[in-house]
Amino acid sequence: MSPPEPYLGEVSRTPVRHHILSVLVENKAGVLARIAGLFARRGFNIYSLAVAPAESHARFSRVTIVVDAESAPLEQIVGQLDKLVNVVAITDLAPRDAVERELLLATLPLGDENRSAMLDTITRAGAAIVDVGPTSVTVMLAGTPAACDELEAALEGFTEVELHRTGRVALPRLA
Amino acid sequence: MQLTGAQALIRSLEQEGVDTIFGLPGGAILPVYDPLLDSSIRHILVRHEQGAGHMAEGYALATGRPGVAMVTSGPGATNIVTPIGNAHMDSTPLVVITGQVATASIGTDAFQECDITGITMGITKHNFLVQSAQEIPRAVAAAFHLATTGRPGPVLIDVPKDVTQSMMDWWYPASVEEYDLPGYRPEVPLDEDAIARAVALINESERPVLYVGGGTLKSRAAQELRAFAERTGIPVVTTLMARGAFPDSHDLHLGMPGMHGMYTAVTAIQKSDLLISLGARFDDRVTGKIPAFAAGAKVIHVDIDRAEFNKVRHADVAIQSNVGAALTAFDDARATPRNLDVWWKTINEWRDQYPLVYDEPSAEGPLRPQHVIEAIAAKAAPGTIVAAGVGQHQMWASQHWKFEEPGTWINSGGAGTMGFGVPAAIGAKVGRPDRTVWCIDGDGCFQMTAQELTTARSEGIPIKVAILNNAYLGMVRQWQEMFYDERYSEVYLSADLPDYVKWAEAMGCVGLRARTLKEMHEVIDEANSINDVPVVIDFRTDAEEKVFPMVAAGASNDDIIVHPLQRGGNQ
Ligand SMILES: Cc1ncc(C[n+]2csc(CCOP(=O)(O)OP(=O)(O)O)c2C)c(N)n1
Ligand SMILES: [Mg+2]
């Protein structure tokens, strides 16, 4: 019998049924480990996670977690998360109720043959060039997760692209 | 007033009303052991840190007050991980203090360093790494608050050596506001709407069952439960974690549900049209195959922990509350099911048909383990506390002992930790010195933590230990007999090795042995006459004996296997 294939991951796009949890936490050592550990041991999937100090207040941080609501019922995820003593408040945003934004940075080689196709892709996506080197450029796109998904997909055809995404942040829609 | 961190730690424990610490010193916790000499707190020096943890659990389960354990860093801390995990599974309030290497050494692989807050993150309700001596009072006050409120559980405080050695200005938090727990809100107001919907479900039910879990004991709701059950006439089942929450002698009590539950308790749940779950969590040992569990029942789920709702079983009405408050609200609304005569008639038929039975013991032995337990119970003073290990003996103890009040059954439910019994019994006796404490143990379990009998003897803690010596890891043997074609793999222990009587004597205890019925009665009488030192009895029981009823793992509760004496006919 041949050995099973190593796990190479699946093409990862925003899960179909995802939710955004905006979690206010105490800014204490180990808080992120507590959250990550909880998700790991309960088998909840995190799609993306962004952390930053909250509202210019050193005491709290805001963690924005995009959870895969198919890996576990949302009620379970929120209920278990809420039991972490350092978690102060959880806002659960369904995608339709949220304004979501994400930042994408990508460094692209500008070889002769792909130059125009590459520039075309960048322009169409509305990405900005933020750094220029002798043979490559770094572009930035701040936009909806879907726009970032789209640009990422469009760049898939090119080689030697280095691409980073921040994971999204979100706020409730105003109307 | 200036104190060292160590003095502040001991003083904080005194502030919390701690009367006993179970522990064992070492380098990183050494500073704290010095002011302990000047404290009124009793310290019980264990022989292994696992013993300290289980003693603290036994103390907590018997008294309802948090158990406290203190150990050193590194191996001392890792040795107490099992009890912490056990307490986490059973929601037992514990405060565990671990020494840690000095703050400057943390992260350098220093001698006896280990990341105990990291290790226990998933098995504590919360843990703290204390950063300064000034913070010690707050950490201790917060730890006790967290351990004992809401859904109780273990809390660990890790204190670096330089923190306990440095000076602080003594203070103590005056109120919860000073605990610095902005994210902790254990109590929520009762949801009146949910209560109303629950009452409506109760009012229209014809076959209700009160499914009573450990949360009923944790919220001290035995009286409210009894009042509600007696007013409504709804039958009661008590899970392994809730034994004692409702008197076994009470006519409304059907006994324990689950894998080794009473036929009537299991079947009443299966056939019910309404399950009123009170601080229970639909554990797989109770539900069996989940889709087949009480398939026709609506569910009212009362729990202080909202994460229990809809985790395993859909709740038609979820009420986040302590059990007593919800029951009082049901009573205030005069919740009353339909006429239950038909339901009780059916239940009583099951009771008549499938009582708890076992084979007749023979005079010359081997002894029947169930019979040994009943014989001990028959001669035990009312209010006797029973602790158990994990295995067949535990199930028999839960089945055959008659529990009449809270705090009399001390066992390891969620984790099933072998070796729990002896140290937990010691802790229970320390907490309730007025009570007789029996440990019903297995020969396998006994060998895991028996060294704590040395602790018991030297500290003057006279517990009584009944080893149901079947020469086997009996519960595993039972599964191999029933589900692995009697292929016995690594379960034989020998009845004679070790010699339990000599071992008991070597630890300063009285050691006794019984092989025949006559000897059984004699040794129980003798054990009951000894009240100054621990007693260990080696009861030679039948290795072939199995626990019935039984629902095989993953099977439906409808496929409950009754005792061979009851098979044929309906089975
Ligand atoms: C620490 C630990 N290891 C292994 C097990 C698995 N296990 C469950 S019951 C049991 C046998 C217990 O033997 P004994 O104490 O003699 O009790 P008996 O079942 O014979 O009454 C074992 C090995 C466990 N529950 N806990
Ligand atoms: Mg055994």
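This is a short talk on the domains and contacts of chains A and B in a predicted model.

Okay, let's go. Please keep in mind throughout that we're looking at a prediction. I'll start with chain A on its own, then move to where chain A meets chain B, and finish inside chain B.

So, chain A. It has 175 residues, and 40% of them count as buried. If you lay the C-alpha trace along its principal axes, you get a span of about 55 × 55 × 35 Å. For secondary structure, chain A has nine strands and four helices. Reading from the N terminus, the order goes β-α-β-β-α-β-β-α-β-β-α-β-β. On contacts, take the ones in chain A with a separation of 6 or more: 75% of those come from residues 24 or more positions apart.

Now, how is chain A divided up? The assignment gives domain 1 at 7–93 and domain 2 at 99–172. Between the C-alpha centres of those two domains of chain A there are 26 Å.

What does the contact between them look like? On the domain 1 side of chain A, eleven residues take part, and they touch twelve residues of domain 2 of chain A. Together the two domains of chain A bury about 910 Å², with carbon and sulfur atoms giving 51% of that. As for salt bridges between domain 1 and domain 2 of chain A, the count is zero. Polar contacts between these two domains of chain A come to one residue pair, with both residues at pLDDT 80 or more.

Which elements of domain 1 of chain A face domain 2 of chain A with two or more residues? Those are β1 (18–26), β2 (46–54) and β3 (57–68) of chain A. The most comes from β2(A), which puts four residues into that side of domain 1. By class, the side of domain 1 of chain A that touches domain 2 of chain A holds six nonpolar residues, four polar ones and one charged one.

Right, on to the interface between the chains. Chain A puts in 19 residues, and chain B puts in 19 residues. The area buried between chain A and chain B is about 1600 Å², and 46% of it sits on carbon and sulfur atoms. If you want residues to click on, go to Arg34(A), Glu75(A) and Val85(A): in chain A these lose the most area to chain B, and together they make up 36% of what the chain A side buries.

How many salt bridges run between chain A and chain B? The rule finds five. For a specific pair, look at Asp82(A) and Arg185(B), whose side chains form a salt bridge at 3.8 Å, N to O. There are also eight residue pairs in polar contact between chain A and chain B, again with both partners at pLDDT 80 or more.

On the chain A side, at least two residues each come from α1 (31–42), β3, α2 (74–82) and β4 (87–93) of chain A. The largest share belongs to α2(A), with six residues. Sorted by class, the side of chain A that touches chain B has eight charged, six nonpolar and five polar residues.

Last part, chain B by itself. Here the assignment gives domain 1 (2–179), domain 2 (192–353) and domain 3 (369–540). I'll stick to domains 1 and 3 of chain B, whose C-alpha centres lie 30 Å apart. Their contact involves 23 residues of domain 1 of chain B and 29 residues of domain 3 of chain B. About 1900 Å² is buried between domain 1 and domain 3 of chain B, and carbon and sulfur atoms give 61% of it. On the domain 1 side of chain B, Arg47(B), Met55(B) and Ala62(B) supply 27% of the area buried against domain 3, more than any other three residues.

There's one salt bridge between domain 1 and domain 3 of chain B. You'll find a salt bridge between the side chains of Arg42(B) and Glu459(B), at 3.6 Å, N to O. Polar contacts between domain 1 and domain 3 of chain B number eight residue pairs, both residues at pLDDT 80 or more.

Which elements of domain 1 of chain B supply at least two residues each to the side touching domain 3? They're β2 (20–24), β3 (42–45), α3 (49–63) and α5 (81–89) of chain B. The largest share comes from α3(B), with ten residues. And by class, this side of domain 1 of chain B has ten polar, nine nonpolar and four charged residues.

That's my tour, thanks.

Notes:
Residues numbered from 1 in each chain as written. Chains lettered and ligands numbered in written order. Predicted model: local features only at pLDDT ≥ 70, side-chain atom pairs only at ≥ 80, totals over all residues. Heavy atoms only, no water. Domains from an automatic or database assignment. Contact = heavy atoms within 4.5 Å. Buried area = accessible area lost by both parts, 1.4 Å probe. Salt bridge = Lys/Arg side-chain N within 4 Å of Asp/Glu carboxyl O. Polar contact = N/O pair within 3.5 Å; in protein donor to acceptor, adjacent residues only side chain to side chain. Nonpolar A, V, L, I, M, F, W, Y, C, P; charged D, E, K, R; others polar. Buried < 20%, exposed > 50% of the residue type's maximum accessible area, 1.4 Å probe, protein only.
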